[in-house]
Amino acid sequence: MDAAISELQRGFLSPAQIAASRAIMGLDRQLIADGTYFVVEDGKAIAGCGGWSRRATLYGGDHSPGRDAALLDPATDAARVRAMYTHPDFARRGVGRLILMLCEGAARAEGFKRLELMGTRSGRPLYEAAGFQPIEEIVDARGGAPVPLTRMGKVIPS
């Protein structure tokens, strides 16, 4: 996660914004407890990780303020894609797309019809290629510097 934040955000964010990203990004252990987090390995190396959630929190790690563990209603709410990270050595090799596919299938199996996520500038091209559309642009300055993010959504094909 640290390598992904540090290296893959370069060229999209300033050093201060990258540092601030650590306050609003990271692992959410609730995903692990819920059994909705995936890790992709290449031999002994972790190539990437990410998951989905049936809970209301849209983004942020264990340490991020404003988390909401309320369960979502698959009939009316969108499942959340969360905590997506690809190790820089494995970037643009299909790891993120694989995780998105796994998340989509698992959320569909639980009756969800839509997915939402909060995308970083560096992640946005992957999400758009996977069919996500921008919903709103926000700036999160909780880490000390303004970090631009894009809330994105997608209808899950049946």
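This report describes the overall fold, the largest pocket and one selected residue of a predicted protein model.

## Overall architecture

The secondary structure of the protein consists of 5 helices and 6 strands. Read from the N terminus, these elements follow the order α-α-α-β-β-β-α-β-α-β-β. The radius of gyration is 15 Å, close to the 15 Å that the globule rule gives for 158 residues, so the protein is as compact as a globular protein of that length.

Along the principal axes, the C-alpha atoms occupy a box of roughly 40 × 35 × 30 Å. Contacts also show how the chain is arranged. When contacts between residues at least 6 apart in sequence are considered, 65% of them join residues at least 24 apart.

## Surface and interior

Of the 158 residues in the protein, 47% count as buried. The protein exposes an area of about 7,800 Å². Carbon and sulfur atoms supply 54% of this exposed area.

## The largest pocket

The largest pocket holds about 710 Å³ of space. It is lined by 34 residues, and those closest to its centre are M84, T120, S122, G123 and Y127. By residue class, the lining divides into 20 nonpolar, 10 polar and 4 charged residues.

Several secondary-structure elements take part in this lining. At least two residues each come from helix 1 (2-8), strand 3 (79-86), helix 4 (95-109), strand 4 (114-119) and helix 5 (124-129). Strand 3 gives the most to the lining, with 6 residues.

## A selected residue: Q30

Q30 lies in helix 3, which spans residues 29-34. Is Q30 buried, partly exposed or exposed? Its relative accessibility is 26%, and a residue counts as buried only under 20% and as exposed only over 50%; Q30 is therefore classed as partly exposed.

The surroundings of Q30 include residues from other parts of the sequence. With residues up to four places away in sequence not counted, Q30 touches R55, D62 and R67. Another pair shows sequence separation alongside distance in space: Q30 and S53 are 23 residues apart in sequence, and their C-alpha atoms are 8.6 Å apart.

Notes
Residues are numbered from 1 along each chain as its sequence is written. This is a predicted model: local features need pLDDT of at least 70, side-chain atom pairs count only at pLDDT 80 or more; totals for chains, interfaces and linings use all residues. Side-chain values use heavy atoms; hydrogens and water are left out. On a 1 Å grid over the protein atoms alone, a cavity is a set of points where a 1.4 Å probe fits but cannot get out, and a pocket is an open set with protein on both sides within 12 Å along at least five of seven lines; lining residues have an atom within 4 Å of a point. Grid points are joined across faces, edges and corners, and a volume is the space filled by probe spheres set on the points. Helices (H or I, at least four residues) and strands (E, at least two) are DSSP runs, numbered from the N terminus. Ala, Val, Leu, Ile, Met, Phe, Trp, Tyr, Cys and Pro count as nonpolar, Asp, Glu, Lys and Arg as charged, and the others, Gly among them, as polar. The radius of gyration is taken over C-alpha atoms; the globule rule is 2.2 Å times the number of residues to the power 0.38. Buried means under 20% relative accessible area, exposed over 50%, partly exposed in between (1.4 Å probe, protein chains only). Contact means heavy atoms within 4.5 Å. Accessible areas come from the Shrake-Rupley method with a 1.4 Å probe; for residues, only the protein chains shown count as cover.
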